[in-house]
Amino acid sequence: MSALRPLSAPAAARSRLRSTGGWALKQVLLFVAAGLVALYLLGATGGFLFVRYVRKNETISFIDVALLRWREVRRGMAAQQFAKAKLEWDAGNYQVAFLAYNFAVNNDPDNIPGLLEAARFLQAAGSNSMALTTLEAGLARAPDDERLIERTFSLLNTVGRDRRTLELLGQRPSSAFSGANGLALRTFELEATLNVGDVEGATKLLAQHPELARTPRALPVVARVLWESKQRLKAIELLSGHIRNRPETYDAYAQLAQWQLVSEMGDDAVRTAEKAAEKFPKDLAPKLLLIEAQGMRTNRGKEFNVAIEAYLKEFGSRPDGLLQLASLAGRRGWVELARGLYEVGALVQPELGGLGFCYADALLRQSRFRDVLQLLGQIEGQSPDAGPAFTVQLRNRQIIATAGLGDGPAVREAARRLAGALRNDGDAMELYRRTFQKLGITEAVAELSGRAAPARVAAGAGAASTK
Amino acid sequence: MGLFAGAVFAALAPGAGLAQGPAAAPAPVVESRFSETQREYVHSYIRQSLPDFPREFAEPAVELFLGELQRKFPGETERMLSPDFSFKKYDGILFRVLGTQLTGASQATLREEVARRRVQAALEQEAGGKLVGAMESRIAINKIKTMASFYPRRLFEGRMDDDELALLLKKTRESEAPGAAPAAPAKPRELTASDIVAEYGRRNQEGAAWQNLRALSIESQLKTANGDDLKIFLFRLRPDRFRMVIQAGGATRFMTIFDGSKYWQQAPGRPWQEIPERSVGSSRYLGEFVDPLVADSGMTYTRLPDGTEGANKIFRIGVRRQDGSGYTAWIDQTTFRQVGRETDDKQTVRYSDFRSVAGIMMAFREESADATGKKTVLTLVRASPDPGLIQSFFEPAESGSLGFFELERMLGRAPVAATP
């Protein structure tokens, strides 16, 4: 009964206050909650409308924004930008495409097909270095992605950044080489090692990983290692077998035919070239390979002329048809053919610098260095506005010709100018430096390395032109 | 034949226009202060705006542009890659720095296009961002070209700042305002032959275009009085080398060359044969690399009584070579183009369709009539300045199995060679 005893007045007042205060608090909390919900809905709606209509992202859903799936939102926006970038690229609007790819890659750096496409775009726009930056960034996020591995290391090795390949591969844990991509990684490592001129290292690597010799995609590189380590017949056999099993890559035919020619296996080289021409009937390169093989086998006999005639009938009207043949004539030192093509080309082409360079190459092969320098001087005199690409071609030949004459100061001067033309292209500078190193033109190597040139005149430079 | 071909080259007359500085290689690029992304972005804009602009010349320009943008509009280089950045606002700066990179004779057309784009950008800015058509900017450029020569020169070479350009555009508008006095070209009352030849040389080339030219190749079509169609290729190299190739029915009939001391001729299936100078005829004047009217020496000029050609008055200038041969050049009194010539054997040639090639004014059409009134028409198809000609091209090649005629036959353009 004591529980039913009426409250004293102050206690009753306190109780009333408590019950009134609790109700009010509940009301306040209710209002706050409702306000927050309203704000959330407003914010989500605003965000959705912004992304959907201002950023014109048609794939975004309200739920993505409402549930704060930012990653999804960004991916959606990126996907749209990737699509837009491709359209703009196809339409030739490089600036808009560049912006769209930039935006898309930043918003969705895990979109590997997108990254690969952006890299392709950058390559097409002439920026291998930006393409590589993009690919390497992607590879850092997805180090085991097969597509990224293939594109990144292929490009690195193609543009002469073989040392970067080795550096990136060196940063990988050893477990990476035993995984699914292990063989691909080892193949790139082997190729890069060989490209930097470390034949001994490549041979050692191959001995440590004999499984590479059983891996079809690695066989052309393995054959190169054998060739460079003077196991030439083995190299030819290996590449021949590879072509029989995988006849779809032209580069292997070209490599094999060249090795066969060097090994005085002219008949085999002709057969290889004929097979390539059969396999790639519409292409110009296999026909040139056949001309080269016939020229070497028959010492430019009747079959050689027949092959040239067939080539000219098929490709003579193409803008690059004459130039490609002239380039071969230059490489092989066929002066008469190079000159004849220059004369014929003069009637159909407004610009003859390229054909002139091919003629100069043919003269170089015949060690007619003074004629070459005179010819190059005449072409240079007519090209005051030439860009770096032309200048590089010119200086390269000047270096070889002046080295052939044993004119050290002239070699250094031409090499200095070559370095000037290549100032924005470190990859090409490295490739040229390596080439001159192989040719033994030390002054040029020194200029391209940025070191003081040695006073000595290039040793063996005379032989350079015939290599 | 030689007469016609000779006439072609006599028509290679210098033309009016811009003086031009020596050609220069692109400015060297120092280590960039800007990211590759920023530079590529500007490159992509250039590529879109001016697809023919060579990238190697754009590189230093991009660096200059970004530097100027950063200096004049701090923060804009950072904002550049944001979607709301408007590149158009800075077109003026960009096209000006692009203009500074184009200094070569062969870049005259591109240089003018860059200047036109800059004028268009300036006009758009004046119009408060309203789009201005290419036509308006072209009209403005044409007006600027009629002003004193330093105006277009400074504009085309990117040496005119924005304020100066704004004033210039104002001036072009004032000149068309009603009541504005037309700019009358100053015309001397009595000109000597030397005055006329000097003015001809000034008006028919940009700066020292003739002096800068090292070689020239020309492809032309000749319609003879008998109705035959021939193709003539002419290659010329300083100081006096030439090679002329005559084709009919798509096949070469014969070639003539001058190697600096001897003349040679070759026909299909035959070796090169030396020919005596006397049998070369007027073809020997093909060796005159520079138009006789702008030659530094070896020519004498006489002013003959003026004449008319159609409705236009012409100066008649007697041109004599050191060997006594010569012709009379007809020079239009208003334009100072060589509109015709008459030779000692009463042949007359009329030149028309003047076009600028590497800064040199050339007639792309010449109609020739001999003393009996038979007419031939020569039309230039293509003229290529400094194409990369080499000395040995003007020397007879050793006979071999893969010479010019054999390769031409292989290409399927020529009939089987005649039996020697």
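**B:Glu395**

I began with B:Glu395 in this predicted model, asking how exposed the residue is, and I found 17 other C-beta atoms within 10 Å, which makes B:Glu395 partly exposed. As to where it sits, I placed B:Glu395 in the loop between strand S13 (375-385) and helix H12 (404-410) of chain B. I also looked up its separation from B:Ala369, 26 residues apart from it along the chain, and noted that the C-alpha atoms of the two are separated by 33 Å.

**Chain B as a whole**

I then turned to the make-up of chain B, whose secondary structure comes to 12 helices and 13 strands. Of its 420 residues, 42% are buried, and among the chain B contacts with a separation of 6 or more, residues 24 or more positions apart account for 57%.

**Chain A as a whole**

For chain A I counted 25 helices and zero strands. Its radius of gyration is 34 Å, whereas the globule rule gives 23 Å for 467 residues, so I recorded chain A as more spread out than a compact globule. The C-alpha trace of chain A spans about 130 × 55 × 50 Å along its principal axes. I noted that 43% of the 467 residues in chain A count as buried, and that residues 24 or more positions apart make up 47% of the chain A contacts with a separation of 6 or more.

**Helix H11 of chain A**

Why did I write down helix H11 (residues 219-228) of chain A as largely enclosed by the rest of the structure? Nine of its 10 residues are buried, and a residue needs 20 or more other C-beta atoms within 10 Å to be called that, so the enclosure follows from the count. The buried residues of H11(A) are A:Leu219, A:Pro220, A:Val221, A:Val222, A:Ala223, A:Arg224, A:Val225, A:Leu226 and A:Trp227, and I noted that A:Arg224 is listed among them. When I looked for what covers these residues, I found that the cover includes helix H9 (182-195), helix H10 (199-208), helix H12 (232-245) and helix H13 (250-262) of chain A. After H11(A) comes A:Lys230, and I noted its positive phi, near 70 degrees.

**Helix pairs in chain A**

I looked up three helix pairs, beginning with helix H4 (residues 94-107) and helix H5 (residues 112-124) of chain A, which pack with their axes 10 Å apart at an angle of about 150 degrees. Angles over 145 degrees count as roughly antiparallel, and H4(A) and H5(A) are therefore entered as such. The crossing of H4(A) past H5(A) is left-handed. On the H4(A) side the contact is made by A:Ala97, A:Tyr101, A:Ala104 and A:Val105, and on the H5(A) side by A:Gly114, A:Leu115, A:Ala118 and A:Phe121. By class I recorded seven nonpolar, one polar and no charged residues in the contact of H4(A) with H5(A).

Next I took H13(A) with helix H14 (residues 266-279) of chain A, whose axes come within 8 Å and cross at roughly 165 degrees, and that makes the two roughly antiparallel. H13(A) also passes H14(A) in a left-handed crossing. The residues of H13(A) that meet H14(A) include A:Tyr250, A:Tyr253 and A:Leu256, while those on the H14(A) side include A:Asp268, A:Thr272 and A:Lys275. The contact of H13(A) with H14(A) has eight nonpolar, three polar and two charged residues.

The last pair was helix H17 (residues 321-332) of chain A with H18(A), where the axes come within 8 Å and cross at roughly 155 degrees. H17(A) and H18(A) are therefore roughly antiparallel, and H17(A) passes H18(A) in a left-handed crossing. I found A:Leu322, A:Leu325, A:Ala326, A:Ala329 and A:Gly330 of H17(A) meeting A:Leu337, A:Ala338, A:Leu341, A:Tyr342, A:Val344 and A:Gly345 of H18(A). By class the contact of H17(A) with H18(A) divides into nine nonpolar, two polar and no charged residues.

**Where the chains meet**

Finally I asked how many residues each chain brings to the contact, and entered 45 residues from chain A and 46 residues from chain B. The elements of chain A that each supply at least two residues to the side touching chain B are H4, helix H6 (128-141), helix H16 (302-315), helix H18 (335-345), helix H19 (353-365) and helix H20 (369-381). Which helix gives the most to that side? I found that H18(A) does, with eight residues. The side of chain A that touches chain B has 19 nonpolar, 18 polar and eight charged residues.

Note on methods
Residues are numbered from 1 along each chain as its sequence is written. Chains are lettered from A and ligands numbered from 1 in the order in which they are written. This is a predicted model: local features need pLDDT of at least 70, side-chain atom pairs count only at pLDDT 80 or more; totals for chains, interfaces and linings use all residues. Helices (H or I, at least four residues) and strands (E, at least two) are DSSP runs, numbered from the N terminus. The radius of gyration is taken over C-alpha atoms; the globule rule is 2.2 Å times the number of residues to the power 0.38. A residue is buried if 20 or more other C-beta atoms lie within 10 Å of its own, exposed if 12 or fewer, and partly exposed in between; C-beta atoms are placed from the backbone. Two residues are in contact if their C-beta atoms, placed from the backbone, lie within 7 Å. Axes are lines fitted to C-alpha atoms, for helices over the stretch in contact, and angles run from 0 to 180 degrees between N-to-C directions. Angles under 35 degrees count as roughly parallel, over 145 as roughly antiparallel, 65 to 115 as roughly perpendicular and the rest as oblique. A crossing is left-handed if the near helix is turned anticlockwise from the far one by less than a right angle, and right-handed if clockwise. Ala, Val, Leu, Ile, Met, Phe, Trp, Tyr, Cys and Pro count as nonpolar, Asp, Glu, Lys and Arg as charged, and the others, Gly among them, as polar.
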